[in-house]
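Me: I am new to this structure. Please pick a single part and take a close look at it, strand by strand. Then tell me how its surroundings are built.

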Amino acid sequence: MRSWTAWGKSGDRNRLMVKRKAQRFPDHPQRWVIEPLMNEPSYSERAMFGARACYLYNRLMLLLCSRGTEPWQGLLVPTEREHQPSLLDELPDLVVHPVIGKWLYMRDALEEFDDTALKLVDLIMRADPRMGVLPKSKK
């Protein structure tokens, strides 16, 4: 498994900048899911699809969705299609997103949402290569 720890681990100045970015969207109902990621110096957030996109090591890792209607109420898990079968086997609460078929999705109304969300964060923290996608460069 590759390690992302060499990317961007620098001094306190970056850590302060990351905390400022992370506090941009403090009111999201699923904020607790990403709190462990927010301590990483490379962590950042952006708005995307009316959701909160969470980046770590320049990779889009999770989207927190709370639009109120399916399929935009839960977590979107960006991953390459080749990794979907193994993630679906390992985490059966995930499904292929019905609109963005290249990503996986988990409804926040599921009974096991909390446990599965923490497992996803653990995979991210362990630099599992199945997690996240590199954003396409802007032209």
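Reply: In this predicted model, start with strand E2, which pairs with strand E3 (residues 59–66) in the antiparallel sense. Five bridges hold that pairing. One of the facing pairs is Arg52 and Leu64, with Leu64 sitting in E3. The two strands form a hairpin, with two residues between them. Look at Tyr57 there: its phi is positive, near 55°.

Now turn to the other partner. Strand E1 (residues 44–48) also runs antiparallel to E2, and five bridges join them. Here Arg52 stands opposite Ala47. So the bridge partners of Arg52 include Ala47 from E1 and Leu64 from E3, given that strands E1 and E2 pair, as do E2 and E3. E1 and E2 make a hairpin too, again with two residues between the strands. In that turn, Phe49 has a positive phi of about 55°.

How covered is E2 itself? The strand spans residues 51–56, and six of the six are buried. E2 is therefore largely enclosed by the rest of the structure. Its residues point two ways. Ala51, Ala53 and Tyr55 face one way, while Arg52, Cys54 and Leu56 face the other. Both groups are buried.

Strand E6 makes a useful second stop. It covers residues 103–107, and four of its five residues are buried. Strand E4 (residues 73–78) pairs with E6 in the antiparallel sense, over five bridges. In that pairing, Val77 stands opposite Leu104. Strand E5 (residues 95–96) is antiparallel to E6 as well, and two bridges join them. Val96 is the residue opposite Leu104 on that side. A hairpin links E5 to E6 through six residues.

Last, visit Arg130. This residue lies in the segment after helix H4 (113–125). Its relative accessible area is 13%. The cut-off for buried is under 20%, so Arg130 counts as buried. Its side chain makes a polar contact of 2.7 Å with the side chain of Glu90. Set aside the neighbours within four places in sequence, and the contacts of Arg130 are Thr79, His83, Ser86, Leu87, Glu90 and Leu123.

To recap the main part: E2 is buried along six of six residues, with E1 and E3 as antiparallel partners.

Terms used
Residues numbered from 1 in each chain as written. Predicted model: local features only at pLDDT ≥ 70, side-chain atom pairs only at ≥ 80, totals over all residues. Heavy atoms only, no water. Buried < 20%, exposed > 50% of the residue type's maximum accessible area, 1.4 Å probe, protein only. Polar contact = N/O pair within 3.5 Å; in protein donor to acceptor, adjacent residues only side chain to side chain. Contact = heavy atoms within 4.5 Å.
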